Amino acid sequence: MVTGHVFIAATMDGFIARKDGNLDWLMEYNTGDEDHGYDAFMASVDGLIMGRGTFEKVLTFGEWPYQGPVIVMSGRLTEKDIPENLKNKVRISDQTPNALMEILDKEGWSRAYVDGGKIIQSFLRAGLISDIILTRIPVLIGDGLTLFGTLDADIKLDHIETTSFPSGLIGSKYKVLNKK
């Protein structure tokens with residue numbers, strides 16, 4: 001079965017975006033001057049699964065930042081909502097996390113990057129996340145969208161490693177212990 005993997009940044013107070021989805025607090029740390037392991041992570045996955053909100057935010061960046069296939073999980077969007085220049089790179093799915101992972105398994109995927117707060121939460125609840133790389137950004141924004149929402153039960157994590165970067169970012173990797 002395909003395994004799900006998370007690589008995400010959050011503020012020190014636990015937010016992944018402002019309430020309106022703005023990532024201005026993150027952009028000043030995204031200078032490319034420091035390797036936080038993102039390129040190696042991206043090279044390790046077969047593609048990316050993201051939510052509608054994340055997709056719509058990434059579209060505002062201008063240049064499409066992903067080389068591999070991207071699946072946008074949405075009950076609202078259709079293939080018609082994909083910009084013409086991304087038709088061969090992005091597809092829409094209204095499947096459940098389990099059903100989508102079964103489809104990707106049949107397509108030959110082995111590792112999927114799961115991104116976007118609500119999508120990460122749904123994959124965690126379904127037991128489909130193997131590990132999480134969480135980079136803490138040294139800023140407090142006071143309010144915003146949280147990475148982890150309410151859960152039906154505790155999800156136990158095993159700390160694998162933590163790396164401190166000169167910029168003040170701290171990246172920690174955790175293995176999810178109670179997954180399917």
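Start by selecting helix 5, residues 117-125. Seven of its nine residues are buried, so helix 5 is largely enclosed by the rest of the structure. Show side chains for the buried set: G117, I119, I120, Q121, S122, F123 and L124. Keep in mind as you look that this is a predicted model. Then step just past the end of the helix to G127, which follows helix 5 and has a positive phi, near 75 degrees.

**Out from the helix into the core**

Which residues have the most contacts inside the largest nonpolar core? Select I49, L104, F123 and I129 to see them; the core as a whole has 25 residues. You have already met F123, one of the buried residues of helix 5.

Now colour the elements that each supply at least two residues of this core: strand 1 (3-11), strand 4, helix 4 (97-106), strand 6 (111-115), helix 5 and strand 7 (129-137). Helix 5, where you began, gives the most, with four residues. In soluble globular proteins, nonpolar side chains tend to be buried together.

Another core lies apart from this one. It has 18 residues, and you can find it by selecting V45, V70, L77 and L86, which are among them.

**A stop at I71**

Next, centre the view on I71, in strand 4 (residues 70-73). Is I71 buried or exposed? Its relative accessible area is 1%, under the 20% cut-off, so I71 counts as buried.

To see what surrounds I71, leave aside its neighbours within four places in sequence and select its remaining contacts: L48, I49, M50, R91, S93, L100, L104 and W109. Two of these names, I49 and L104, should be familiar from the list of residues with the most contacts inside the largest core. Draw a distance between the C-alpha atoms of I71 and I49: these residues are 22 apart along the chain, and the separation is 4.8 Å.

**Two loops**

Move on to D154, in the loop between strand 8 (145-146) and strand 9 (157-164). With a relative accessible area of 64%, D154 is exposed. Add N178 to the selection; D154 and N178 are 24 residues apart in sequence, and their C-alpha atoms are 8.9 Å apart in space.

For the other loop, select S44, between helix 2 (38-43) and strand 3 (47-51). S44 is partly exposed, at 29% relative accessible area. Pair S44 with A17: they are 27 residues apart in sequence, and here the C-alpha atoms are 25 Å apart.

**Zooming out**

Finally, clear the selections and show the whole chain as a cartoon. Five helices and ten strands come into view. The radius of gyration is 16 Å, close to the 16 Å given by the globule rule for 180 residues, so the chain is as compact as a globular protein of that length. Along the principal axes, the C-alpha atoms fill a box of roughly 40 × 40 × 30 Å.

Buried residues account for 41% of the 180 in the chain. If you draw the contacts between residues at least 6 apart in sequence, 66% of them join residues at least 24 apart.

Switch to a surface for a last look. The chain exposes about 9900 Å², with carbon and sulfur atoms supplying 49% of that area. Colouring by charge brings out 19 positive and 25 negative side chains, and the centres of these two sets lie 6 Å apart.

Conventions: Residues numbered from 1 in each chain as written. Predicted model: local features only at pLDDT ≥ 70, side-chain atom pairs only at ≥ 80, totals over all residues. Heavy atoms only, no water. Buried < 20%, exposed > 50% of the residue type's maximum accessible area, 1.4 Å probe, protein only. Contact = heavy atoms within 4.5 Å. Core = buried A, V, L, I, M, F, W, Y, C linked by side-chain atoms within 4.5 Å. Rg over C-alpha atoms; globule rule 2.2 N^0.38 Å. Areas by Shrake-Rupley, 256 points an atom, 1.4 Å probe, with all protein chains shown as cover. Lys, Arg positive; Asp, Glu negative; His and termini not counted. Charge placed at Lys NZ, Arg CZ, Asp CG, Glu CD.
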